[in-house]
Amino acid sequence: MAIKSAILLAFATSVILVLVTSIDAGDIAIYWGQNSDEGTLAETCATGNYDFVNLAFLPTFGNGQTPMINLAGHCDPYSNGCTNLSSDIKSCQAQGIKVILSLGGGAGSYYLASSDDARQVATYLWNNFLGGQSASRPFGDAILDGIDFDIEGGTNQHWDDLAKYIFGYSQRSKKVYLTAAPQCPFPDAWVGGALNTGLFDYVWVQFYNNPQCQYTDGDITNLEQAWKQWTTDVPATKIFLGLPASPEAAGSGFIPVSDLTSQVLPAIKGSAMYGGVMLWSKYYDDQTGYSSAIKNDV
């Protein structure tokens, strides 16, 4: 009887450990699309390192402009050359990876002139990238999983309207995920208002290029304080720690793997809002192997 009880106890303990491990396990999100030397989208997903891939970027939209994607040297949207990504997108999704279109970026021509402008952009996104229909879908018949707001310019007006209109389409069929990549100074200058809608699922905060709220040389104080504010004051499903995947990927804010795993992650993973780590970008991750080095700790 004692042996049987011991076996049952060991089994129960192992089940609990598996459950706790899976609950604590975070995800890794990656930005792909701005360097033709970073491999294909299918190869990116085949690494097994990523749970979200943000396609960067749709940098031209709003104010009556014809929306246009820019995936650097990966494909030419002007000749409809990005439709061949359709099979790659489906391959990623078949592996359980969410593929999301990122709006904006650090360089682009985008802003929303009015609430009606936001509505028109949402309709375009629905018909051309999500569950709607259009004769000119840039990625063919692949249906993306969501829209990412990487807004770093233009104005801070009507992004909340855009989120609401996209969310409205989400009710029609499969869920449309809403994500955002704000800068770590709180509140974000561009999408702070939109985040207050409570409609965003995942917010990958850029804890880099902002010395006042990022890690610096063994000191996690600024980052930890900012993290607490983001996880306390933003009504999202999960908050991600956004980082450069190499020192060259950003002006500042790179965290060496050993510091991330021994200091930073233990300080932030206790939050119920912790979702994982976002990396910029696939190209830089290839250079350092950062995601491979951290994935068991995330």
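Tyr31 is buried, at 2% relative accessibility. The cut-off for that word is under 20% relative accessible area. Everything I say today is about a predicted model. Tyr31 sits in strand E1, which covers residues 27–32. Its C-alpha atom is 8.6 Å from that of Ser102, although the two residues are 71 apart in sequence.

Let me put that strand in its setting. UniProt has an unreviewed entry here, and that entry lists residues 26–298 as "domain: GH18". Within residues 26–298, helix makes up 30% of the chain and strand 20%. The C-alpha atoms at the two ends of that stretch are 5 Å apart.

Next, helix H3, residues 86–94. Which of its residues are buried? They are Ser86, Asp88, Ile89 and Cys92. Looking down the axis of H3, these buried residues fall within an arc of 165 degrees, so they line one face of the helix. As background, an α-helix has 3.6 residues a turn, so residues three or four places apart point the same way. What does the buried side of H3 pack against? The partners are helix H2, at 41–46, strand E2, at 52–58, and strand E4, at 98–105. After H3 comes Gly96, with a positive phi near 85 degrees.

A positive phi also turns up at two residues that are not glycine. One is Asn63, where phi is about 55 degrees. Asn63 is in the loop between strand E3, residues 60–61, and H3. The other is Asn209, with phi near 60 degrees. That residue belongs to the loop running between strand E8, 202–206, and helix H7, 221–233. Are these two buried or partly exposed? Asn63 is partly exposed, at 39% relative accessibility. Asn209 is partly exposed too, at 39%.

Now the spaces in the model, starting with the pocket. The largest pocket holds about 210 Å³. There are 15 residues in its lining, and those closest to the pocket centre are Asp150, Glu152, Gln206, Tyr208 and Trp280. How does the lining divide by class? Eight of its residues are nonpolar, five are polar and two are charged.

Then the cavity. One cavity of 30 Å³ or more is counted, and the volume of the largest cavity is about 30 Å³. Its lining consists of Trp126, Leu130, Gly131, Ile143, Leu144, Ser173, Lys174, Lys175 and Val176. By class, that gives five nonpolar, two polar and two charged residues.

Back to Trp280, from the pocket lining. Trp280 and Ser281 are joined by a cis peptide bond, with omega about -5 degrees. Ser281 is in the loop between strand E10, residues 274–280, and helix H9, residues 282–288. There is a cis peptide bond between Phe186 and Pro187 as well, and omega there is about -5 degrees. Pro187 is in the loop that lies between strand E7, 177–180, and helix H6, 192–195.

Two further prolines to finish. Pro244 is in strand E9, which spans residues 238–244. Pro244 is buried, its relative accessible area being 1%. What does Pro244 touch, apart from neighbours within four places in sequence? Its contacts are Tyr208, Ala249, Ala250, Gly253, Phe254 and Trp280. Tyr208 and Trp280 are names we met a moment ago, among the residues closest to the centre of the largest pocket. The C-alpha atoms of Pro244 and Leu279 are 5.5 Å apart, with their positions 35 residues apart along the chain.

Pro256 is in the loop between E9 and helix H8, the latter at 257–268. Is Pro256 buried or partly exposed? Pro256 is partly exposed, at 31% relative accessible area. Leaving out neighbours within four places in sequence, Pro256 has contacts with Tyr215 and Tyr290. Where does Pro256 lie relative to Tyr110? Their C-alpha atoms are 34 Å apart, and the two residues are 146 apart along the chain.

To recap the two prolines: Pro244 is buried, whereas Pro256 is partly exposed. And Tyr31, where we began, is buried.

Technical notes: Residues are numbered from 1 along each chain as its sequence is written. This is a predicted model: local features need pLDDT of at least 70, side-chain atom pairs count only at pLDDT 80 or more; totals for chains, interfaces and linings use all residues. Side-chain values use heavy atoms; hydrogens and water are left out. UniProt positions are given in the numbering used here, feature names are shortened, and annotations may be inferred rather than shown by experiment. Helices (H or I, at least four residues) and strands (E, at least two) are DSSP runs, numbered from the N terminus. On a 1 Å grid over the protein atoms alone, a cavity is a set of points where a 1.4 Å probe fits but cannot get out, and a pocket is an open set with protein on both sides within 12 Å along at least five of seven lines; lining residues have an atom within 4 Å of a point. Grid points are joined across faces, edges and corners, and a volume is the space filled by probe spheres set on the points. Ala, Val, Leu, Ile, Met, Phe, Trp, Tyr, Cys and Pro count as nonpolar, Asp, Glu, Lys and Arg as charged, and the others, Gly among them, as polar. Buried means under 20% relative accessible area, exposed over 50%, partly exposed in between (1.4 Å probe, protein chains only). The arc is that of the directions from the helix axis to the C-beta atoms. Contact means heavy atoms within 4.5 Å.
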